Amino acid sequence: PKMSVQQLREVERRICQALERLPGPMKGSYTSMRAVMADMALQEELERAELPQTYRLTESAGMLSAWPEGRGIFLNADRSLCIFVNVEDHLTVVCTANAGGGAKKAQDALELAESVLNALSASLSFEFDPVLGYITPSPAKLGTALAFSLVLTLPPVLSAEQVEGIEERFPQVCVEVDGEGGGAAHGCIVFSRLSLGITEVDAIR
């Protein structure tokens, strides 16, 4: 939040250089946030892909200084990889699996994320503390700095008590359900709750 426009642009320049070296299916193109905001077709594509709109942040957090200077989005060809630059963090890597892909697609997304981080680590260094783990602007992300989410369609018989039961059984995740009763299926998002005090393997499990 305290970065100047010059510092934001320098971080953007270094990250873009690293992104240009991504090989194979990770290859893609970078679009500045100013260009994204002016491109309605690209905004609609991002909405259809259901990519997280992490650039919609509150000014009170100080994350919108000099917005949208020095910020942008990198997308690979099939949109399975989206990288936000200088938004909530200096670098936010989002790997997604298409709906209906099952466990294999989810595994592919995890492997893609690992490949991207390994490739970027060859050119970029990340702030790491032996106690706190990876240092991020949000204390909620300290530790692994990893977050996972799964979108499910559940039968309409799911009750609030059943949702609470899931969270009690698996305290490391949080469950949000869209819709209540009415004979319609529920849209359910299950996402990870913890990143500090656990390993990356534990977070995935």
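This passage walks through the strands, a helix and a few individual residues of a predicted model.

The middle of the story is strand S3, residues 81–85. Of its 5 residues, 5 are buried, so the strand is largely enclosed by the rest of the structure. Side chains in a regular strand alternate between the two faces of the sheet. In S3, Leu81, Ile83 and Val85 point one way while Cys82 and Phe84 point the other, and all of them are buried.

S3 has a partner on either side of it in sequence. Strand S2 (residues 72–76) pairs with S3 in the antiparallel sense, over 4 bridges, and in that pairing Ile73 sits opposite Phe84. The two strands make a hairpin with 4 residues between them. Arg79 belongs to that loop between S2 and S3, and its phi, near 65°, is positive even though the residue is not a glycine. With a relative accessible area of 24%, Arg79 comes out as partly exposed.

Strand S4 (residues 91–95) also runs antiparallel to S3, this time over 5 bridges, with Leu91 of S4 as the bridge partner of Val85. Here the hairpin has 5 residues between the strands. Asn86, in the loop between S3 and S4, is another non-glycine residue with a positive phi, near 60°. What is the relative accessibility of Asn86, and is the residue buried or exposed? The value is 3%, and since the cut-off for buried is under 20%, Asn86 counts as buried.

Turning to the helices, H1 covers residues 5–20. Its 16 residues reach 22 Å from first C-alpha to last, close to the 22 Å expected at 1.5 Å a residue. Leu8, Glu12, Ile15, Cys16, Ala18 and Leu19 are the buried residues to look at in H1. Viewed down the helix axis, the buried residues of H1 fall within an arc of 155°, so they line one face of the helix. The general point behind such a pattern is that an α-helix has 3.6 residues a turn, so residues three or four places apart point the same way. On the face of H1 turned away from its buried side are the exposed residues Gln6 and Glu20.

Helix H4 (residues 102–121) contains Leu112, which counts as buried at 13% relative accessibility. Setting aside residues up to four places away in sequence, Leu112 touches Met26, Ser80, Leu81 and Cys95. One of these, Leu81, is also among the buried residues of S3. Leu112 and Val94 are 18 residues apart in sequence, and their C-alpha atoms are 9.7 Å apart in space.

As for the cysteines, how many disulfides does the structure hold? The count is 0. Cys95 is in no disulfide, and the nearest cysteine sulfur, belonging to Cys82, is 9.4 Å away. Cys16, back in H1, is buried with a relative accessible area of 16%.

Two other details are worth a look. The structure holds 1 aromatic pair. The rings of Phe128 and Tyr134 have centres 4.9 Å apart and planes at 70°, so the pair is edge-to-face. Tyr134 is partly exposed, with a relative accessible area of 31%. Finally, the peptide bond joining Trp67 and Pro68 is cis, with omega at about 5°; Pro68 is in the loop between helix H3 (40–48) and S2.

Methods: Residues numbered from 1 in each chain as written. Predicted model: local features only at pLDDT ≥ 70, side-chain atom pairs only at ≥ 80, totals over all residues. Heavy atoms only, no water. Buried < 20%, exposed > 50% of the residue type's maximum accessible area, 1.4 Å probe, protein only. Pairing = 2+ DSSP bridges. Expected span 1.5 Å × (residues − 1). Arc of directions from axis to C-beta. Contact = heavy atoms within 4.5 Å. Phe/Tyr/Trp six-rings, centres within 6.5 Å; stacked < 30°, edge-to-face > 60°. Disulfide = S-S within 2.5 Å.
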